[in-house]
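Student: Please take one part of this structure and look at it closely, then show me how the rest is arranged around it. A plain account is enough.

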Amino acid sequence: MKHDVMLVGPACRDENVDFDGSVVHGVGGAVYFSSFAVRAAGGDVFDAVKINAADTDIIEAFEEDSAHIALLPSEKTTLMKNVYTTPTRETRIASCAAQSDSIKPEEIPDEPSTIYHLAGLLYGDFPLELITDLAKKGKVSADIQGFLRHNENGPMNFHDWDVKKEYLQYFDFLKTDAAEAKILTGLDDRQEAAKLMYEWGAKEIVITHNTEVLVYDGSEFYTCPIKARNLSGRTGRGDTTMGSYLSCRAQGLSIPESLLFATACVSLKMETPGPIHASRADVEAYINEFYR
């Protein structure tokens, strides 16, 4: 059996403090939010999750059967805190009290997949040899966050990736948000940033923004607007976008079809906290109501 998408990365325990001071604790991480999004798009997902083996409740939170998830043991489970400073939830102060071990190539489960997505949280989650090793297995995708965001003894700060010109060539798909795109390229203009990342070797670039999602494949730009009616489920926006987008692409949908579905999927998700709990039909109904 071949999976559509294998998600590789650390899950974490999240503490989210809203702008009004309310606090929500829960499971988080790119691999977690992306998993539900792949399934919402009708894709078959395998989750390779890096956590401490004692944290079995995190595995249970994925709501997956044992044939679609594997625990990669770590000395620590990543612990994250997000303090949102505005009602739009566009700005946040993030800190990390613990970080999981790096994921080694030999830890990757023998589960053939069309796309391998590096769903990282912090610099150090993935050694460089993991990128080149996965490129031998199938298409490789990455969230650039896992290569730019550094845990500096608690506070987290973004720094440019010094080997980007050597390693972006291995990414068939690359996800950034607007701020990360600027850190990587030095450019404010998202289209110009996407063009530069393509010149450096990334083949299909997805840039998320609070107003829209942009995709560039080296020849055309595609955009689709965010239409969420509220932002109570802002956490996991980019992960939901990328999970559903990769799911669609792995199933053979075109870029415009995949982008429309992913943008509608994340718009629907942002209206409710937590990962998206929706079927493909639910998202298609949302498309018919708000995008037609």
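Tutor: In this predicted model, a polar atom of the side chain of Asp125 lies 2.8 Å from the backbone nitrogen of Leu121. That makes Asp125 a suitable place to begin. Asp125 sits in the loop between β8 and α3, the latter covering residues 128-135. Leaving aside residues up to four places away in sequence, Asp125 touches Pro10, Gln99, Ser100, Ser102, Ile103 and Gly120.

Is Asp125 buried or exposed, and which side chain of opposite charge is nearest? Asp125 is buried, and the nearest side chain of opposite charge is that of Arg149, 7.4 Å away. A salt bridge here requires the nitrogen and the carboxyl oxygen to be within 4 Å, and Asp125 has no salt bridge.

Now step back from the loop to strand β8. Five of the six residues of β8 are buried, so the rest of the structure largely encloses this strand. On one hand, β8 is joined to β1 by five bridges, and the two run parallel; His3 stands opposite Ser113 of β8. On the other hand, β8 pairs with β9 over four bridges, again in the parallel sense. In that pairing, Tyr116 has Val140 in β9 as its bridge partner.

From β9 the path goes on to β12. Strand β9, residues 139-143, is joined to β12 by three bridges, and the two run parallel. Asp143 is placed opposite Lys175 in β12. Strand β12 takes in residues 173-177 and is mostly covered, with four of its five residues buried. Its pairing with β13, residues 205-208, is also parallel and has four bridges; Leu174 has Ile205 in β13 as its bridge partner.

These strands belong to one open sheet of nine strands, ordered β5-β4-β1-β8-β9-β12-β13-β14-β15, with mixed pairing. At its edges are β5 (69-73) and β15 (221-225), each of which pairs on one side only. On average, neighbouring strands in this sheet are turned by 15 degrees against each other, direction ignored. Towards the β5 edge, strand β4, residues 45-51, is joined to β5 by five bridges, and these two run parallel. Val49 has Leu71 in β5 as its bridge partner.

Two helices lie across strands of this sheet. Helix α6, residues 178-185, lies across β9, β12 and β13, at about 105 degrees to β12. Helix α8, residues 237-250, lies across β1, β8, β9, β12, β13 and β14, at about 160 degrees to β12.

There is also an open sheet of four strands, in the order β3-β2-β6-β7, and its pairing is mixed. Because β3 (23-28) and β7 (92-98) each have a single partner strand, one side of each is left without a neighbour in the sheet. The twist from one strand to the next averages 20 degrees. Strand β2, residues 12-17, is joined to β3 by six bridges, and these two run antiparallel. Glu15 has His25 in β3 as its bridge partner.

Asp125 has no salt bridge, but other charged side chains do pair. Side chains of opposite charge can pair when their charged atoms come close. The count of salt bridges comes to twelve.

One of them joins Asp57 to Arg13, with the closest N and O atoms 2.8 Å apart. This pair links distant parts of the chain, with Asp57 in helix α2 (residues 56-61) and Arg13 in strand β2, 44 residues apart. Asp57 is partly exposed, at 36% relative accessible area, and Arg13 is partly exposed at 30%. Arg13, Asp55 and Asp57 are linked in a network of salt bridges.

A further salt bridge forms between the side chains of Lys50 and Glu107, at 2.6 Å from N to O. Lys50 is in strand β4, whereas Glu107 is in the loop between β7 and β8, 57 residues apart in the chain. Lys50 is buried, since its relative accessible area is 2% and buried means under 20%. Glu107, at 21%, is partly exposed.

The side chains of Arg190 and Glu212 also meet in a salt bridge, 3.1 Å from N to O. Arg190 belongs to helix α7 (residues 190-199) and Glu212 to strand β14, 22 residues apart. Arg190 is partly exposed, with a relative accessible area of 21%.

Conventions: Residues numbered from 1 in each chain as written. Predicted model: local features only at pLDDT ≥ 70, side-chain atom pairs only at ≥ 80, totals over all residues. Heavy atoms only, no water. Buried < 20%, exposed > 50% of the residue type's maximum accessible area, 1.4 Å probe, protein only. Pairing = 2+ DSSP bridges. Axes fitted to C-alpha atoms, helices over the stretch in contact; angles between N-to-C directions. Contact = heavy atoms within 4.5 Å. Lys, Arg positive; Asp, Glu negative; His and termini not counted. Polar contact = N/O pair within 3.5 Å; in protein donor to acceptor, adjacent residues only side chain to side chain.
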